[in-house]
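Here are a few exercises to help you find your way around a new structure. Try each task by eye, then walk through the solution below it.

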Amino acid sequence: MSFRQPSNLPGFGLTFGFTTVFLSTIVLLPLAALVVTATSLHWSDFWHTVLSARALGSYRLSFGASLLAASINLVFGFIIAWTLVRYEFPGRKLIDALIDMPFALPTAVSGIALTTVFAQNGWIGRYLEPLGIKVAYTWLGVTLALTLISMPFAVRAVQPALLEVQRDLEDAAETLGAGRLYAFRRIILPAIAPALLTGFTLAFARAVGEYGSVIFISGNLPMKTEITPLLIVIHLEQFDYGGAAALGLVMLVISFVMLLTINLLQAWGRRDQVRAAR
Amino acid sequence: MSIVLDQVTKHYGGAPVVNDVSLDIGDGEFFVLLGPSGSGKSTLLRAIAGLSGIDHGRISLHGRDVTHVAARRRGVGLVFQNYALFRHMTVAENIEFALRVRRMRARARRQRREELLRLVSLEGLDERLPAQLSGGQQQRVAVARALAHKPEVLLLDEPFGALDAKIREELRGTIRQVQRELGITTVLVTHDQEEAFAMADRIGVMNLGRLLERGAPHELYSRPATRFVATFLGAANLILARRTADGIQIGATIVAPTERASNGRENEVVAVVRPEEIEVAATREALRCGFLARGVVESVMFTGALERLRLSLAGGPHTPLLTLGEGAAGAALQVTRTQYEQRLFEVQPGQSVAIGVRRIHVLPTPLSSFTACAPTVQEAEELSRQPLLVELAARMATRIATRCEPQLGQPGVPCQGTDSFVGTTVIAANPQSAARADWLLRCGARDLLVLPEAARAPQRVLIHWIGEAARSATLAVSASVLRHVAAEAVYVGVFPEPQGGAQPRGMRELLDARSEAQAAHGLEMRTELHFGDAEQQLTRRLAESPAQMLIIGVEHPAQFTERFRALLVSGRWPVLIVHRGPA
């Protein structure tokens with residue numbers, strides 16, 4: 001197979017060149033700088049920074065809360081998308097527009113707003129307090145903030161896939177004797193599974209990188225409610241660029257491995273379609 | 001009977017999309033529902049499948065009432081236009097879907113699958129995915145899948161719509177063959193009349209939610225009962241003619257001496273002449289069939305096996321043709337000729353020819369054309385442009401003439417014109433309309449429409465008659481009107497207040513009226529029983545909504561216009577008076 005694919009479209013050289021330059025400048029170069037800065041540290045200092053108890057605690061919270069938030073959005077994002085695609089009701093367009101709000105809002109605003117609602121004397125927080133549930137300044141608050149800001153990704157990824165699942169398919173399943181649950185499990189779910197996975201991935205990636213909204217609601221207690229991006233900022237404030245870069249590198253590697261795994265999973269799930277396309 | 005529909009009605013946003021459809025389909029019959037898009041045929045099919053509920057009526061399959069049974073328990077197989085195959089499943093998995101739902105064992109499943117694949121000639125493609133198959137193959141899989149659970153009824157919703165002509169032909173053959181082999185009762189929905197002719201044992205033609213006619217293909221083609229079926233099934237020239245004592249007369253010529261007016265009373269009729277039943281020749285003497293008129297060839301088009309001619313009839317603006325040609329040129333007679341006929345007599349555009357008719361079919365419809373009648377020419381012209389009238393005439397593919405009667409409605413002044421009132425006479429609803437109606441009815445007008453200025457298309461048509469002599473004609477006229485408007489028909493029976501004890505007479509008359517409407521005129525209508533004075537009860541019922549129309553049969557005009565004066569001059573609802581005296 002030759003590197004250059006025969007195509008009727010002109011400009012392969014130009015577009016490929018542009019892609020390379022663009023990706024290098026915007027993505028690869030900064031990443032390389034990160035790695036270089038991190039290597040300025042001594043091995044022992046590097047390990048000391050990235051394996052400190054505080055750092056380990058922050059990884060657990062960052063990735064744990066992000067996974068949890070993405071999982072919540074997998075379920076509820078699907079339900080929202082389903083409602084928006086399948087039903088006509090007054091105010092549907094409004095809700096559809098509302099989905100994108102977390103995109104547009106500065107994340108700090110989201111954080112402050114959430115804290116107002118869920119703090120011990122907040123609108124909802126004051127009713128949860130007697131039940132022994134604390135949201136603000138705990139890992140629960142962190143999860144909540146991450147769920148909020150990553151929700152649009154889950155909804156928007158599933159919506160077009162759901163639109164493509166024709167009603168006829170369900171009708172066909174029904175005339176063939178399938179109940180609703182059976183039809184959903186065997187017909188709809190397989191059809192939108194790739195989109196669900198994409199939504200999950202995007203939501204997860206977004207949550208891992210979140211900083212602004214979390215620092216307001218988390219309380220930032222070391223070992224308990226401190227996320228890795230915050231720890232990086234703390235290192236930076238102490239002019240410990242090497243330490244910050246080291247933590248960044250660890251996040252980069254973990255994120256990359258997780259995203260790659262999900263992508264491979266997806267490719268494996270789509271092998272049928274790929275085979276059919278040949 | 002395999003499928004029995006009884007007065008099935010489905011509304012969508014107030015308007016009926018399926019309107020009072022009753023139909024029996026026999027065991028092993030291949031029934032085709034034919035109609036233009038939006039005629040309600042697909043909705044009806046989905047109702048049979050159980051995928052959409054109905055508002056009124058009953059559906060039974062093989063003697064089992066399934067009106068309230070879920071689709072998955074009805075035992076039907078449905079094939080969709082876009083195949084609706086499960087794309088992530090292989091052909092085998094698709095076909096076995098219904099069997100898996102029923103927890104059939106793997107071995108039995110495989111056996112059934114192989115049987116089905118053989119039936120649709122797709123052996124060996126078990127492990128393919130739908131995306132790896134051609135459109136025709138996909139639809140074959142869909143047919144096999146729909147048959148897997150041995151349904152008692154197979155429903156096909158425009159199954160060939162997405163396929164190209166050649167594959168379509170092939171698949172038609174396969175489906176017909178499979179259907180015969182299994183002897184399964186089948187309903188196919190299509191808008192393609194050629195497809196309907198090719199496949200059907202019987203065809204049902206739908207328009208505006210109503211099942212207009214049903215019958216064997218050749219029967220419907222050669223003897224349609226309605227304008228719609230005449231023009232939808234193949235091409236047709238609709239010609240306004242008169243039924244006289246000597247036979248059917250078009251212009252000045254008698255073309256069908258056998259069809260004579262029965263009681264010596266002349267009336268206007270609509271005749272159907274198929275393009276292939278028209279002969280052209282150089283002179284009247286050279287024709288080998290009945291002479292119609294002389295005409296001029298407007299255009300000649302070669303289409304392979306057949307040649308299409310458009311002829312304009314000599315005789316100026318008073319052409320009896322109802323089918324309008326494309327363009328402003330006006331009416332043109334469509335003619336198709338075989339190669340053999342072309343060789344016998346070649347024609348050029350502009351040539352003058354003699355036109356003959358081999359076969360003519362007179363529609364049984366009682367409504368032929370409209371004549372807007374008023375005291376002045378200007379008023380008549382104005383009335384003829386009334387939107388509802390224009391719409392009605394357009395839907396019925398007929399025309400609106402105008403007629404000026406200066407003496408209209410003046411008491412004691414007899415009608416002067418020697419010309420009798422033929423077709424449906426239309427007058428405006430105004431304070432004089434009761435007197436005018438009376439005048440016209442006395443002059444012999446048989447169908448009279450009193451039309452308010454702002455009348456809207458009716459959503460409900462009330463039917464009533466005073467005097468048994470008018471009964472049959474009223475039902476016939478109602479049936480004809482209701483074929484052209486999307487409205488529900490309600491027969492309002494009004495009887496005197498019962499005095500002591502029940503009155504079984506009213507109920508019986510209601511039921512008789514309904515069965516006569518159904519049997520003799522193909523009209524499905526609801527029936528209502530009211531007690532009291534007819535005018536009061538009808539007015540009360542009309543007052544419920546402005547979008548209504550009244551069709552009222554009248555035996556004695558004098559009593560009628562007196563009693564119904566208020567209703568006729570109110571100008572709120574269109575009233576169609578059907579006047580038939582005792583024979």
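**Exercise 1.** Work out which pattern chain A follows when read along the sequence.

*Solution.* Keep in mind that this is a predicted model. Step one: list the elements, and you get 14 helices and zero strands in chain A. Step two: write them in sequence order, which gives α-α-α-α-α-α-α-α-α-α-α-α-α-α. Step three: look at the space taken up by the C-alpha atoms of chain A, a box of roughly 65 × 65 × 30 Å along the principal axes. Step four: turn to burial, where 32% of the 278 residues in chain A count as buried. Step five: take the contacts in chain A between residues at least 6 apart in sequence; 78% of them join residues at least 24 apart.

**Exercise 2.** Find the strand order of the open sheet of six strands in chain B, and explain why strand 6 and strand 10 each have one side without a neighbour.

*Solution.* Start with the order, 6-7-8-3-9-10, in which the pairing is mixed. Next, check the ends: strand 6 (76-79) and strand 10 (210-215) of chain B stand at the edges with a single partner strand each, so one side of each has no neighbour in the sheet. From one strand to the next, the twist averages 20°. Now zoom in on one edge: strand 6 of chain B pairs with strand 7 (residues 153-157) of chain B in the parallel sense, over four bridges. Within this pair, Val76(B) stands opposite Val153(B).

**Exercise 3.** Describe the side of chain B that touches chain A.

*Solution.* Count first: 20 residues of chain B are in contact with 17 residues of chain A. Then ask where they come from: strand 6 and helix 2 (91-101) of chain B each supply at least two residues of that side. Finally, sort the chain B side by class, which gives 13 nonpolar, five polar and two charged residues.

**Exercise 4.** Trace the path from strand 25 to strand 26 of chain B and give the handedness of the crossover.

*Solution.* Strand 25 (residues 460-466) and strand 26 (residues 488-495) of chain B run parallel, joined by four bridges. Ile463(B) has Tyr491(B) in strand 26 as its bridge partner. Between the two strands the chain passes through helix 13 (residues 471-482) of chain B, and this β-α-β crossover is right-handed. One step further, strand 26 also runs parallel to strand 27 (residues 526-531) of chain B, with six bridges joining them. Here Val492(B) is partnered by Glu528(B) in strand 27.

Terms used:
Residues are numbered from 1 along each chain as its sequence is written. Chains are lettered from A and ligands numbered from 1 in the order in which they are written. This is a predicted model: local features need pLDDT of at least 70, side-chain atom pairs count only at pLDDT 80 or more; totals for chains, interfaces and linings use all residues. Two strands pair if DSSP finds at least two bridges between them. Axes are lines fitted to C-alpha atoms, for helices over the stretch in contact, and angles run from 0 to 180 degrees between N-to-C directions. A residue is buried if 20 or more other C-beta atoms lie within 10 Å of its own, exposed if 12 or fewer, and partly exposed in between; C-beta atoms are placed from the backbone. Two residues are in contact if their C-beta atoms, placed from the backbone, lie within 7 Å. Ala, Val, Leu, Ile, Met, Phe, Trp, Tyr, Cys and Pro count as nonpolar, Asp, Glu, Lys and Arg as charged, and the others, Gly among them, as polar. A crossover is right-handed if, with the strands pointing away from the viewer, the path from the first strand over the helix to the second runs clockwise.
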